[in-house]
Amino acid sequence: MEIKTIGIAGAGMMGHGIALAAALAGYEIIMYDQTDAILAVAQNAMENQTAKLIDKKVTTAEEGMSAMLRIQAVTAVDNLSQADLIIESIIESLEAKTRLFEVLDKVCKDETLFASNTSSFSITTLAAATQRPAQFVGMHFFLPPVIMKLVEVTRGYYTSNETVTQIKAVVQQLGKNSVEVKKDTPGFIANRIYTPLFLEAFKVYEEGVASKEDIDMTMKLAYGLPIGPFALADLIGLDILKAGLDYFHNELGPRWKPPLVMKQLVQAGRLGKKVGKGWYDY
Ligand SMILES: NC(=O)c1ccc[n+]([C@@H]2O[C@H](COP(=O)([O-])OP(=O)(O)OC[C@H]3O[C@@H](n4cnc5c(N)ncnc54)[C@H](O)[C@@H]3O)[C@@H](O)[C@H]2O)c1
């Protein structure tokens, strides 16, 4: 089956970024979220990102304009019925994702492929909410999806070789590189390796060894990272990061326990850059 139309479920920070990246690559997009107000925010963010890409001469004004016209924003899940591929990118809640996939399984065509952009949950568990586990795969993008060049493609227990091949071709069409995660394990590759670095950075700060500014500067200047762990945590969203840590803690053991200070920031609504305050003020 040729993939022409991609349905994006969830138009948040990742969802609208993936929608724009896929529209710029020539796909027709149906972008679904719960309210018109959320979709309006997404539309505005995509317009700003497109203007920046045009400014930087990454794309032309005509290409940017026609990409935006290829994105249809909808609030009814039934409108995803014509998609050849669904990329789910709603909140990081196993319950919410499972419930949505149960509905999508009924709404979508039998041949439609399903992908989840979950940062941490088991692809096999999510696929079990559907009658199409062979057509179900993990597609983990990085922030901001329009810019970042990597997608982790994760096999669930039943994912077919054909599905993996088709999804890798989509990633290539998006102008990105895919890496294959052969076993469905928490955190896949990138988050499994980077999360201990977050935890250690937060611990060094909690112990009073150094300020968060100095820890961020150390990791940038000593190791050439483009951004330090505190600034990156704010960019990702502390709620998203904490949901991932809770899951890792449950699946992989006590050394992955989210630190108290992080729990307190989330409780205080300091969710990161998206709300103007997290580890830092913006
Ligand atoms: N933030 C990151 O850096 C990052 C990176 C890679 C993957 N992810 C993953 O991408 C997903 C989305 O993260 P985000 O940062 O875009 O979050 P976000 O909070 O910005 O967006 C989530 C969106 O999902 C919508 N939503 C919630 N429940 C829904 C439902 N039942 N149906 C339709 N829409 C629904 C919300 O209205 C919101 O617009 C998560 O699974 C997250 O783990 C995030």
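# Exercises on a predicted protein chain

Of the 282 residues in the protein chain, 47% are buried, where buried means under 20% relative accessible area, exposed over 50%, and partly exposed in between (1.4 Å probe, protein chains only). The model is a predicted one, in which local features need pLDDT of at least 70, side-chain atom pairs count only at pLDDT 80 or more, and totals for chains, interfaces and linings use all residues. Residues are numbered from 1 along each chain as its sequence is written, and side-chain values use heavy atoms, with hydrogens and water left out.

## Exercise 1: The overall fold

Task: State how many helices and strands the protein chain has, and assess its compactness.

Solution. Step 1: the protein chain has 11 helices and 8 strands; helices (H or I, at least four residues) and strands (E, at least two) are DSSP runs, numbered from the N terminus.

Step 2: the radius of gyration is 19 Å, close to the 19 Å that the globule rule gives for 282 residues, so the chain is as compact as a globular protein of that length. The radius is taken over C-alpha atoms, and the rule is 2.2 Å times the number of residues to the power 0.38.

Step 3: along the principal axes, the C-alpha atoms fill a box of roughly 55 × 45 × 35 Å.

Step 4: among contacts between residues at least 6 apart in sequence, 67% join residues at least 24 apart. Contact means heavy atoms within 4.5 Å.

## Exercise 2: The nonpolar cores

Task: Identify which residues touch the most other members of the largest nonpolar core.

Solution. Step 1: a nonpolar core is a set of buried Ala, Val, Leu, Ile, Met, Phe, Trp, Tyr and Cys residues joined through side-chain atoms within 4.5 Å.

Step 2: the largest core has 36 residues, and I6, Y27, I29, M31, L85, I87 and M139 touch the most other members. Helix 1 (residues 13-24) gives the most to this core, with 6 residues.

Step 3: leaving aside neighbours within four places in sequence, the contacts of I29 include I6, I8, A19 and R70.

Step 4: a second, separate core of 24 residues includes V74, F101, C108 and F188.

## Exercise 3: Backbone exceptions

Task: Locate K57, F188 and P144, and describe the backbone feature of each.

Solution. Step 1: most residues other than glycine have a negative phi, and most peptide bonds are trans.

Step 2: K57 has a positive phi, near 60°. This residue is in the loop between helix 2 (36-55) and helix 3 (61-69), and K57 is exposed, with a relative accessible area of 74%.

Step 3: F188 also has a positive phi, near 55°. F188 is placed in the loop between strand 8 (177-181) and helix 7 (190-206), and counts as buried at 5% relative accessibility.

Step 4: a cis peptide bond with omega of about -10° joins L143 and P144. P144 is in the loop between strand 6 (136-140) and strand 7 (150-155).

## Exercise 4: Two buried residues

Task: Place L199 and Y280 in the chain and name contacts of each, leaving aside neighbours within four places in sequence.

Solution. Step 1: L199 is found in helix 7 and counts as buried at 12% relative accessibility. The contacts of L199 are L245, R255, W256, K257 and P259.

Step 2: Y280 lies in the segment after helix 11 (260-267) and counts as buried at 16% relative accessibility. Among the contacts of Y280 are K212, F230 and R270.

Step 3: Y280 and D184 are 96 residues apart in sequence, and their C-alpha atoms are 34 Å apart in space.
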